[in-house]
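Visitor: I'm new to reading protein structures, and I'd like to take a close look at just one part of this one. Could you pick a spot and walk me through what surrounds it?

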Amino acid sequence: MTDVFAAGGTSCLDNVLYKNEVTILGIGNVILRDEGFGVRVAEYLDKHYEFPESVQIVDGGTLGIELTQYVTGTEKLLVIDSINGGAEPGTTFRFHNDDVMEHFQDKLSAHEVGIQDVLGLLTVTGHKIPDVVVIGAQPYDVEAGVELSEGMLQLLPQMVEQALTELKNWGIVPRKREKVDDMDYNKVAEDFSSVR
């Protein structure tokens with residue numbers, strides 16, 4: 001187990017690499033179709049909008065406790081995820097502050113356990129994030145593949161708007177980029193498999 005306290009009793013978390021006022025964190029496994037929804041929404045935001053320097057967008061993928069270095073010191077954390085809430089596919093969810101930990105309490109996927117651990121660690125070390133919002137949707141398809149299902153693709157604009165609304169509530173209004181290149185997720189997958 002890694003000790004989070006440095007010599008002299010100060011927390012290693014005080015010297016984090018990435019410290020921003022607002023963090024947008026997309027999490028999920030992008031090679032299991034809708035499981036990667038949170039990452040795809042974060043990618044869309046990054047590609048289509050310019051954010052102030054106080055905002056960072058993080059592709060958290062399936063990272064667990066390693067996410068601590070990206071979120072420590074942030075004042076406002078927006079997590080976007082594919083959420084298994086036991087509901088009909090396409091159902092959207094929003095959790096805020098205490099509801100977030102309650103939601104992640106019985107989750108079994110690695111990245112959801114990871115978020116719970118990160119938020120718990122930050123709380124017990126005196127680095128609790130003051131404002132945490134989790135948004136997402138119940139997946140349609142979590143089989144192998146890099147493209148979102150048709151249903152989840154249709155939800156993407158709605159989730160982007162929800163994210164922008166949450167950010168606006170925090171006083172963050174990004175500027176829309178004028179020129180945007182499309183990303184071909186099939187090409188990304190082919191490139192990834194040729195590297196292995």
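**A close look around Leu78**

Guide: Let's start at Leu78, which sits in strand β4, a stretch covering residues 76-82. Keep in mind that this is a predicted model. Is Leu78 buried or exposed? Leu78 counts as buried, because its relative accessible area is 0% and the cut-off for buried is under 20%.

So who are the neighbours? Setting aside residues within four places in sequence, Leu78 is in contact with Thr23, Ile24, Leu25, Val133, Ile135, Ala163, Glu166, Leu167 and Trp170. Here's a nice example of how the chain comes back on itself: Leu78 and Asp131 are 53 residues apart along the chain, yet 8.5 Å separates their C-alpha atoms. That fits a pattern in the protein as a whole. Among contacts between residues at least 6 apart in sequence, 80% join residues at least 24 apart.

Now zoom out to the strand itself. β4 is mostly covered, with six of its seven residues buried. β4 pairs with β1 in the parallel sense, over five bridges, and there Val22 stands opposite Lys76 of β4. β4 also pairs with β6, again in the parallel sense, over seven bridges. Which residue of β6 is the bridge partner of Leu78? That's Val133, which also turned up in the contact list of Leu78.

Follow β6 and you reach β5, which pairs with β6 in the antiparallel sense over five bridges. One link to look for is Phe95, whose bridge partner in β6 is Val134. The side chains of β5 are fun to trace, since they alternate. Phe93 and Phe95 point to one face and are buried, while Thr92, Arg94 and His96 point to the other and are not.

Next, the helix beside our leucine. Ala163, Glu166 and Leu167, all contacts of Leu78, are among the buried residues of helix α5. Others on that buried list include Gly151, Met152, Leu155, Leu156, Met159, Val160 and Leu164. See how the numbers often step by three or four? An α-helix has 3.6 residues a turn, so residues three or four places apart point the same way. And what covers the buried residues of α5? The cover includes β1, α1, β2, β4, β5 and β6.

You can check the length of α5 yourself. The helix has 20 residues (150-169), so at 1.5 Å a residue it should span 28 Å, and its end C-alpha atoms are 30 Å apart, which agrees. Along the way, α5 bends by about 35° at Leu156, and a proline, Pro157, follows within four residues. After α5 comes Gly171, whose phi is positive, near 85°.

Put the strand and the helix together and you get to the core. In general, nonpolar side chains in soluble globular proteins tend to be buried together. Here, the largest nonpolar core has 24 residues, and Leu78 is one of those with the most contacts inside it, along with Phe37, Val41, Leu45, Phe51, Ile80 and Leu167. The elements that give two or more residues to this core are β1, α1, β4, β6 and α5. Of these, α5 gives the most, with eight residues.

Ile80 deserves a stop of its own. Not counting residues up to four places away in sequence, Ile80 touches Ile24, Leu25, Gly26, Ile27, Gly38, Val41, Leu45, Ile135, Met159 and Ala163. There is also a second, separate core of 19 residues, which includes Ile27, Leu77, Leu122 and Val132.

One more piece is helix α1. Its 12 residues reach 16 Å from the first C-alpha to the last, close to the 16 Å expected at 1.5 Å a residue. The buried residues of α1 are Phe37, Gly38, Val39, Arg40, Val41, Ala42, Leu45 and His48. His48 counts as buried because its relative accessibility is 15%, and the cut-off is under 20%. Leaving aside neighbours within four places in sequence, His48 is in contact with Arg175, Lys176, Arg177 and Val180.

Finally, step back to see the whole thing. The protein has six helices and seven strands, and buried residues make up 45% of its 196 residues. About 10,600 Å² is exposed, with carbon and sulfur atoms supplying 49% of that.

Notes: Residues numbered from 1 in each chain as written. Predicted model: local features only at pLDDT ≥ 70, side-chain atom pairs only at ≥ 80, totals over all residues. Heavy atoms only, no water. Buried < 20%, exposed > 50% of the residue type's maximum accessible area, 1.4 Å probe, protein only. Contact = heavy atoms within 4.5 Å. Expected span 1.5 Å × (residues − 1). Bend = angle between axes of the 7 residues up to and from the residue. Areas by Shrake-Rupley, 256 points an atom, 1.4 Å probe, with all protein chains shown as cover. Pairing = 2+ DSSP bridges. Core = buried A, V, L, I, M, F, W, Y, C linked by side-chain atoms within 4.5 Å.
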